[in-house]
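Here's a quick walk through a model, written for someone who likes to poke at geometry. Have the viewer open while you read.

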Amino acid sequence: MCFGITTLLLLITGRYLWIGPTVDDNWNSSFLKDSSLNHSLSGVSQYSHCIPGSLPDSLAKLYELYDDVETFVMFIGYPRSSHSLVGSILDAHPKIIISNEYHIIEKWNIYRDIALKSSGMSKYLLFYNLHSISTWQATFGSRARKPIFIDDHIYSYNVPGAWQGTFNGKLKVIGDKRGGGTTMELSEKPEKFAILKELNEILGIPLKFLHVIRNPFDVISTWVLRLLNARLRVNDGKTKINSSWAVDNAIKSFFELIETNERIRQLYGHAVLDVLSHELILKPRETMKTICTFIGVTCNEDYLYQAENIMFGKPSHTRRTVVWTEEQKQRVLNEMKKYSFLQSFSSFEEEQ
C-alpha cells in the first residue's frame with residue numbers, strides 16, 4: 001500500500017519524500033548544539049514506517065483524507081520546554097496528526113519546487129510527510145508502546161489506547177512539533193519569516209501557533225547542564241554546576257528566542273496560544289481543553305483521561321542545580337518584565 005502511494009507521489013513531484021531526520025536536524029544554534037540529542041533514525045529505510053490502514057494508497061484517498069483538514073499547527077518556543085509532551089498528547093487525539101521534529105522551516109525549499117507547486121500537490125505532500133512521520137514514531141519511535149528508537153534515550157511519550165500515528169473518522173488538524181528548532185531557525189535567518197506566509201497561502205487553511213513556555217530560569221539552567229554534559233552529575237540532589245560564562249551565554253540565547261517569538265505573536269495575534277508547561281503538568285485537563293478549543297476540536301472524557309494519565313510528577317526545577325549570581329537573576333527578571341507572556345514568572349524562588 002505504502003509503495004503504491006509513494007510511487008504516485010514520486011511521479012507527480014519528482015523526488016521529495018520524507019526519509020527521516022538527519023544528524024543536523026536538532027538544536028542548530030551554536031550555543032545549544034548538543035550531539036547527544038541527535039536522532040538515531042537517519043539510517044532507517046523510508047518505508048519502515050508504513051502500516052496498512054494508516055496511510056492513503058491512491059490519489060483519490062489522498063484527497064479524501066486531507067481535504068477535510070481545517071487547521072495547521074506549528075510549535076514555537078525554546079528547547080527543553082515540554083514541546084514533546086504537548087505534541088504527543090495532541091497526536092493521541094482521534095482528529096489530530098502532529099509529527100515530531102520534521103522541521104518545516106528548514107525543509108521548505110522542497111515545497112518551493114516549481115513542478116510540485118504547479119501540480120497543486122504541495123499541501124498533500126507536506127501532509128503525507130507529516131502523517132508518515134507520526135505513524136513511524138507511533139510504531140518505532142518515542143511514541144511507540146515499545147520504542148525501538150527513542151529520542152534522548154530517557155522517555156517514552158506513548159499514550160496507551162489512544163490514536164497516536166493515526167486518526168478516527170475525518171482528520172481535522174495536522175502539524176509538526178518543532179518548537180525550539182522553528183524559533184531558532186527564524187532567529188538565525190529572519191528572512192525565513194516569509195516561509196510562514198508562503199505556508200499559509202499554499203495550505204489555504206488557518207495557521208495556528210502553540211507557544212510553549214517553561215520557567216525561564218529552568219530553561220536556561222537545563223541548557224547549561226546539557227552544554228556541560230552535567231545532567232547526571234546533579235542527580236544526587238546536592239551537586240550544583242558553577243559556570244558563570246555558560247549561564248551568561250544561555251541567558252543571551254534565551255532572550256534572542258524570546259524576541260523572535262514576540263515578533264511572531266505580534267504578526268499573528270490571536271493565532272498564537274501561550275501554553276505554560278507547568279500548567280499542563282499540574283492541570284492537564286484544563287490545559288488540554290484550552291488547546292483543543294484553540295485549534296478547533298473537541299476533547300471528550302476518554303481523551304482527557306488518557307492525557308491526564310501520562311503526566312509525570314511535578315515540574316522540574318533545574319534552576320536549583322546551577323549556581324546563579326544575584327546579578328544574573330536580576331538581569332533575567334528585568335528582561336522578563338518586557339514580555340507579557342512571562343509575567344506569571346515573578347521570582348527565582350517561586351515553585352512554577
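Two strands count as a pair if DSSP finds at least two bridges between them. With that in hand, keep in mind that what you're looking at is a predicted model.

Which strand goes with S2, and over how many bridges? S2 and strand S3 (residues 173-177) pair in the parallel sense, with 5 bridges between them. If you want a spot to zoom in on, find Ile97, which stands opposite Ile174 in S3.

That pair belongs to an open sheet of 5 strands, paired in parallel and ordered S2-S3-S1-S4-S5. At its edges sit strand S2 (96-100) and strand S5 (272-276), each pairing on one side only. On average, neighbouring strands of this sheet are turned by 20° against each other, ignoring direction.

Now for the helices over the sheet. Helix H6 (residues 122-139) lies across strand S1 (71-76), S2 and S3. Helix H12 (residues 284-295) lies across S1, S2, S3, strand S4 (207-213) and S5. Here are their angles to a strand:

| Helix | Strand for the angle | Angle |
|---|---|---|
| H6 (residues 122-139) | S2 | about 75° |
| H12 (residues 284-295) | S5 | about 170° |

Stepping back to the protein as a whole, there are 14 helices and 5 strands. Of the 352 residues, 55% are buried. The accessible surface comes to about 15100 Å², and carbon and sulfur atoms hold 53% of it. As for contacts with a separation of 6 or more, 80% of them are between residues 24 or more positions apart.

Then there are the cysteines. How many disulfides does the structure hold? The count is 0. Cys292 is in no disulfide, and its nearest cysteine sulfur, that of Cys299, is 3.6 Å away. Seen from the other end, Cys299 is in no disulfide either, with the sulfur of Cys292 as the nearest cysteine sulfur at 3.6 Å. The cut-off used here asks for cysteine sulfur atoms within 2.5 Å, so the 3.6 Å between Cys292 and Cys299 doesn't qualify.

Are these two cysteines buried or exposed? Cys292 is buried, since its relative accessible area is 0%. Cys299 has 17% relative accessibility and counts as buried too, because the limit for that label is under 20%.

Technical notes: Residues numbered from 1 in each chain as written. Predicted model: local features only at pLDDT ≥ 70, side-chain atom pairs only at ≥ 80, totals over all residues. Heavy atoms only, no water. Helix = DSSP H or I, 4+ residues; strand = E, 2+ residues; numbered from the N terminus. Buried < 20%, exposed > 50% of the residue type's maximum accessible area, 1.4 Å probe, protein only. Contact = heavy atoms within 4.5 Å. Areas by Shrake-Rupley, 256 points an atom, 1.4 Å probe, with all protein chains shown as cover. Axes fitted to C-alpha atoms, helices over the stretch in contact; angles between N-to-C directions.
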